Amino acid sequence: FPSHDKTTAKIRSKRQQLNYSQDYVASVLQMKQANYNKIENGKVELSVQVLFKIARLLALNVDELINV
């Protein structure tokens, strides 16, 4: 994604706004917290499939995440 840093910042911000822990989000996504942390910190590429799951969990449209 062209604005990968902005996308991950938006994910982190919305997760914190909803008071969701990284552990909670990771469990919903069926991954380890350490792997989810790598997504939020931009250490791994965000797949389209995971992006849609995160958007759904955070009640956001994918457009809101990638067009920031």
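Hi everyone, let's start with one residue: E40 has a relative accessibility of just 1%, so E40 counts as buried, the cut-off for that word being under 20%. Keep in mind that what we have on screen is a predicted model.

Where does E40 sit? You will find E40 in helix α3. And what does E40 touch, once we set aside the neighbours within four places in sequence? The contacts are T8, I11, R12, R15 and Q22. Here is a distance you can look up on the structure yourselves: E40 and K10 are 30 residues apart along the chain, and their C-alpha atoms are separated by 9.2 Å.

Two of those contacts deserve a longer look. Take R12 to begin with. The side chains of R12 and E40 form a salt bridge, with N and O at 3.5 Å. E40 belongs to helix α3, residues 33–40, and R12 to helix α1, residues 4–17, so this pair ties together parts of the chain that are 28 residues apart in sequence.

Now for R15. How far apart are the closest N and O atoms in the salt bridge between R15 and E40? They are 2.4 Å apart. This pair also links distant parts of the chain, as R15 is in helix α1 and E40 in helix α3, 25 residues away. Put the two bridges together and you get one network that joins R12, R15 and E40 through shared partners. The count of salt bridges comes to two.

Are these arginines buried or exposed? Let's check them one by one. R15 has a relative accessible area of 8%, and because buried means under 20%, R15 is buried. R12 has 25%, which lies between the 20% and 50% cut-offs, so R12 is partly exposed.

Next, please find I11, which E40 also contacts. I11 is in helix α1 and is buried, with a relative accessible area of 1%. Which residues are in contact with I11, leaving aside its neighbours within four places in sequence? The list is Y36, E40, L46, I54, L58 and L65. If you'd like another pair to click on, try I11 and N67: they are 56 residues apart along the chain, with 12 Å between their C-alpha atoms.

Let's zoom out to the whole chain. How many helices and strands does the chain have? There are five helices and zero strands, so to speak a plain α-α-α-α-α when you read along the sequence.

What about overall size? For 68 residues, a compact globule would have a radius of gyration near 11 Å, and the chain has 11 Å, so the two agree. Along the principal axes, the C-alpha atoms fill a box of roughly 25 × 25 × 20 Å.

We can also ask what share of the 68 residues counts as buried. That share is 35%. The accessible surface comes to about 4300 Å², and 47% of it belongs to carbon and sulfur atoms.

Remember those pairs that were distant in sequence? Among contacts between residues at least 6 apart in sequence, 58% join residues at least 24 apart.

Finally, charge. The chain carries 10 positive and 6 negative side chains, and the centres of these two sets lie 4 Å apart.

To wrap up, go back to E40 on your screens: a buried residue in helix α3, joined with R12 and R15 in one salt-bridge network. Thanks for listening!

Definitions and conventions: Residues numbered from 1 in each chain as written. Predicted model: local features only at pLDDT ≥ 70, side-chain atom pairs only at ≥ 80, totals over all residues. Heavy atoms only, no water. Salt bridge = Lys/Arg side-chain N within 4 Å of Asp/Glu carboxyl O. Helix = DSSP H or I, 4+ residues; strand = E, 2+ residues; numbered from the N terminus. Buried < 20%, exposed > 50% of the residue type's maximum accessible area, 1.4 Å probe, protein only. Rg over C-alpha atoms; globule rule 2.2 N^0.38 Å. Contact = heavy atoms within 4.5 Å. Areas by Shrake-Rupley, 256 points an atom, 1.4 Å probe, with all protein chains shown as cover. Lys, Arg positive; Asp, Glu negative; His and termini not counted. Charge placed at Lys NZ, Arg CZ, Asp CG, Glu CD.
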